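Reader: I am new to this structure and would like a close look at a single part of it. Please take me carefully through the place where the two domains meet.

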Amino acid sequence: MKIISLLLICCTLTLAACDSEPRARQAKFYAFGTEIGVSLYDVDKETANNTIDILEQTFSNVNNTWHAWQPSTLTRINEAIASKQAIAIEQDVAQLISLASSLAKDSQHLFNPAAGKLFELWGFHQDNWFESRPPPSAEDINNWLASNPTMADIDIENGKLTSTNPAVKLGFGGFAKGYAVDQAIAALQQQGISDAIVNIGGDLRAIGSHGKRPWIVGIRHPRQEGILASIALKGDESVFTSGDYERFFLYEGKRYPHIIDPRTGYPADQAMSVTVLHSNASLADAAATALFVAGEDWPNMAAAMAIDHVMLVRSDGQIELSPKMVDRVQLINNRKPVIIRSAD
């Protein structure tokens, strides 16, 4: 888990509520291969149960549409691209791909959903991604780099998707969770719920508050047990973290994390984690990936993506903050002065 709830809500793992009124209710279920937690404040039991059913269906639909290696709408799209064929797509599918293309362009393609074949080379598009194995050969990586697939190679017109580059293989692992969280929050708001948190594997978006208190979340330390910092959220905000500590494999004593730099074809190695605070979960998710890849140059990339609130933990453990993040994040047991950085 990247983010640890600091709220002491007296709830069980199934839908439950506190004894006092108004009450906070919490439910947990699974999708995207991870635990999803939902906290609803001041909602009656019947509404909460109905809402959880809607959210489970929302996440299931997104997962079934965008799974990268099990049969899905995405795998059918990738098959069409590989065979240089056009494929008809639904409007909601086109909207997500167009949004991903826009975010990729803003990130100068450091967030590159067209790089699915590169992630395949590294073995991350499979269920046993955590097993030890040799890294791909330099020849295979160089061949992929030469093909240079990006979202700019995707064209959508009159409900049909085509690509000029058969090396494109779409994968939305650095973005689909944020998109799903935004969809879930929209579903909550349609139910008239204004105070809630949706947490997917540690990344989250919160709306409203916990009564008179803000929702408070903790950001996991990338190398130690416990939390590195906490943030009190305001109104409608998302907190997404990309880190090298959750999805990686070891080979001959070396760690190979899943965040790959599309400029080099190898795992990004200048950061341990990057946390982004923003109102839009889709943008926060994509930006966290792009800023992790950017490494030393993260302030300029943050400016390019219109991201104001960033915390980066460098590979040497040094914490760097954007100016606006300084007032929002509460560091815990940090004895080393932080570095505040802005775009050049």
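Author: What follows describes the interface between the two domains and then sets it within the whole protein.

The model is a predicted one, in which local features need pLDDT of at least 70 and side-chain atom pairs count only at pLDDT 80 or more, while totals for chains, interfaces and linings use all residues. Residues are numbered from 1 along each chain as its sequence is written, and side-chain values use heavy atoms, with hydrogens and water left out.

The domain assignment, whose bounds come from an automatic or database source, gives domain 1 as 69-163 and domain 2 as 215-340. Taken over C-alpha atoms, the centres of domain 1 and domain 2 are 24 Å apart. Where they meet, 24 residues of domain 1 are in contact with 25 residues of domain 2, contact being heavy atoms within 4.5 Å. Between them the domains bury about 2,200 Å², with 74% of it on carbon and sulfur atoms; buried area is the accessible area (1.4 Å probe) that two parts lose on being put together, summed over both. In domain 1, the residues that lose the most area to domain 2 are Leu110, Trp122 and Phe124, which together make up 31% of what that side buries.

Between domain 1 and domain 2 there are zero salt bridges, a salt bridge being a side-chain nitrogen of Lys or Arg within 4 Å of a carboxyl oxygen of Asp or Glu. Three residue pairs are in polar contact across this interface, both residues at pLDDT 80 or more; a polar contact is a pair of N or O atoms within 3.5 Å, where, within protein, one must be able to donate a hydrogen and the other to accept it, and residues adjacent in sequence count only if both atoms are side-chain atoms.

On the side of domain 1 that touches domain 2, the elements giving two or more residues are α3 (91-106), α4 (116-121) and α5 (138-147), and α5 gives the most, with four residues. Helices (H or I, at least four residues) and strands (E, at least two) are DSSP runs, numbered from the N terminus.

As for the whole, the protein has nine helices and 19 strands, and along its principal axes the C-alpha trace spans about 60 × 50 × 40 Å. The salt-bridge rule gives a count of 13. In one salt bridge the side chains of Asp182 and Arg205 meet at 2.7 Å, N to O; Asp182 lies in helix α6 (residues 176-190) and Arg205 in strand β9 (residues 203-208), so this pair ties together parts that are 23 residues apart in sequence.
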